[in-house]
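Colleague: Mind going through this model with me? I have a handful of questions, and I'd like to hear the reasoning along with the answers.

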Amino acid sequence: MSAFVINGGRRLSGSLAVQGSKNSALPILAATLLVHGECVIHNCPALSDTDCTIRILKELGCKVMRSGNTVTVQNSGSNVFEIPENLMREMRSSVVFLGAILGKCGKAIISAPGGCEIGLRPIDLHLYAMKRLGVTVDDNYGKLVCEAKEGLRGSKITFSFPSVGATENAVLAAVRAKGNTTIVNCAREPEIIDLCDFLNKCGARINGAGESIITIEGVASLKGCEHNVICDRIAAATYLTAIAVTGGDVEICNTVPGHLSSVLPLLEEAGCEVRVRCKNIRIKAPRRLNRIDKIITQPYPGFPTDAQAVFTALATVAQGTTVIVENIFESRLKHVPELVRMGARIRTEGRVAVVEGVERLYGADVFSPDLRGGAALVVAGLCANGETVVKNTRFIDRGYEDFEDNLCVLNADIYRKVKKDGRKENPEK
Ligand code: EPZ
């Protein structure tokens, strides 16, 4: 098990280019299954989640090579339609392969992904969409056998909730279906737009990505293409909060500021100076942050649930009280008790957290409860007095590429402590 060791109190400075989007790269890599030929995906972040996705593609018969942040996928056309259980368990978001495998093979066998650290994560909306496209689903004790006996056929799909993953699966299955599909009340996240841009480059006919209604005209085949994955807006938000809590002054590059339209105003409310120039965001933070009145997570374009934890960390050292409401996942406040160990003053009731800002946090040994909660503890450690040890970095490694190295580039004092055979590695020794 490895841990991040952080000595807090240093102001972040300099500039940093933000990684490609994990939540865009995963469905796009799955989508390469639908393509005959070679796809070249640039700006694909090197993460444990993308590594797992690449292993699944290889299990499904694809040839995959990575060179830096470029991943090349050769789809051999093999008819493997079952994802091994161990890989499904390693990464629950591999459920997004369901639509792609059905689109390619007309049959798919996956194990029910099950819940994770932030909630039960049901997939009823995914299965509803597949059934609307002519798929039968048999649940054999957790193994889902899905089959389109007469082939996938276009239909109207109306979601009761704009689920990101269910929208992605519906798109992936519909692009190769016979006939037209309309998806109503679909997710509008930028990652949906990026997936549809990729598929349209391959010859799909998708309209309305980014809106609440997407229409798809099924096509017989898709050809390979080259694609640049969009910037990771959640990684960008994470670095922005790290700069804010340390009174820093940094230029964040290679972003899509428009994807942060519900995040940047909150940083300004907290007293930061935020200047946008093309793909760059310059943020200058005050010595002490003002409070943010309330943070309420919503589907895009509302405030992103994935940025809630790091903004909770920001609120702990702001001047005043912030009310945080987590509307998307039922147990996404697990970072709160860890922040309280660092001296934060937070009361929670269900999905609501009331944060009373304090002058300073103090360093402590804390555990990452999940991916974004772990990032929030690193953000808190950067502004805490003394040393913070954030354990369970494996959660953080799922979504942040070169996290500690990037923070060091910005003048943070952080290193990764890895226990190998009981020995501790420490850069000082
Ligand atoms: C995607 O998860 C992201 N993951 C999540 O990011 C993100 O938090 C989430 O969208 C919301 O933006 C990836 O893209 C890989 P949902 P997803 O389906 O697709 C309920 C991160 O930190 N729901 O929009 O699973 C569900 O329980 C991760 O990078 C159903 O009830 O999110 C949740 O309460 C975490 N039935 C809500 O909808 C379903 O069939 C939102 O889920 C599907 C979802």
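Colleague: Let's start with the cysteines. How many disulfides does a search of the whole structure find?

Modeller: Bear in mind that this is a predicted model. A pair of cysteine sulfurs has to lie within 2.5 Å to count. Searching the whole structure on that basis, the number of disulfides is zero.

Colleague: Which cysteine sulfur is closest to that of C39, and why is there no bond?

Modeller: C39 itself is buried, at a relative accessible area of 0%. Its closest cysteine sulfur is 4.7 Å off, which is too far for a bond. The residue carrying that sulfur is C202.

Colleague: And how far from C52 is the nearest cysteine sulfur?

Modeller: C52 is in no disulfide either. The residue is buried, with a relative accessible area of 1%. Its nearest cysteine sulfur belongs to C44, at a distance of 13 Å.

Colleague: Zooming out, what radius of gyration does the protein chain have?

Modeller: The chain has 14 helices and 24 strands, and 57% of its 429 residues count as buried. Along the principal axes, its C-alpha atoms fill a box of roughly 65 × 45 × 45 Å. For 429 residues, a compact globule would come out near 22 Å, and the chain agrees with that: its radius of gyration is 22 Å.

Colleague: Now helix α1, residues 22–31. How many of its ten residues are buried?

Modeller: Those buried in α1 include K22, L26, P27, I28 and L29. At the start of the helix, a side-chain oxygen of S21 comes within 3.3 Å of the backbone nitrogen of N23. The helix is largely enclosed by the rest of the structure, because the buried count is nine of the ten.

Colleague: How far apart are the end C-alpha atoms of α7, residues 190–201?

Modeller: Among the buried residues of α7 are E191, D194, C196 and F198. Just after the helix, G203 takes a positive phi of about 110°. As for length, twelve residues at 1.5 Å each should span 16 Å, and the end-to-end C-alpha distance agrees at 16 Å.

Colleague: Which side chain does N169 make a polar contact with?

Modeller: N169 lies in helix α6, residues 164–174. It is buried, with a relative accessible area of 0%. The contact is 2.9 Å long, and the partner side chain is that of H126.

Colleague: Is P113 buried or exposed?

Modeller: P113 is found in the loop between β6 (107–111) and α5 (124–132). Its C-alpha atom is 8.3 Å from that of I123, ten residues apart along the chain. The cut-off for burial is under 20% relative accessible area. At 7%, P113 counts as buried.

Colleague: On to the aromatics: how many pairs are there, and what kind is the one between F303 and F311?

Modeller: The count comes to five aromatic pairs. In the F303 and F311 pair, the ring centres are 5.1 Å apart and the planes sit at 85°. Both residues are buried. With planes over 60 degrees apart counting as edge-to-face, this pair is edge-to-face.

Colleague: Last one: which ring does the charged end of R394 sit over?

Modeller: It isn't one from the aromatic cluster, which is formed by F4, Y239, Y400 and F403. The charged end of R394 is 4.3 Å from the centre of the ring in question, and that ring belongs to F395.

Methods. Residues numbered from 1 in each chain as written. Predicted model: local features only at pLDDT ≥ 70, side-chain atom pairs only at ≥ 80, totals over all residues. Heavy atoms only, no water. Phe/Tyr/Trp six-rings, centres within 6.5 Å; stacked < 30°, edge-to-face > 60°. Buried < 20%, exposed > 50% of the residue type's maximum accessible area, 1.4 Å probe, protein only. Lys NZ or Arg CZ within 6 Å of the ring centre and 35° of its normal. Helix = DSSP H or I, 4+ residues; strand = E, 2+ residues; numbered from the N terminus. Polar contact = N/O pair within 3.5 Å; in protein donor to acceptor, adjacent residues only side chain to side chain. Expected span 1.5 Å × (residues − 1). Rg over C-alpha atoms; globule rule 2.2 N^0.38 Å.
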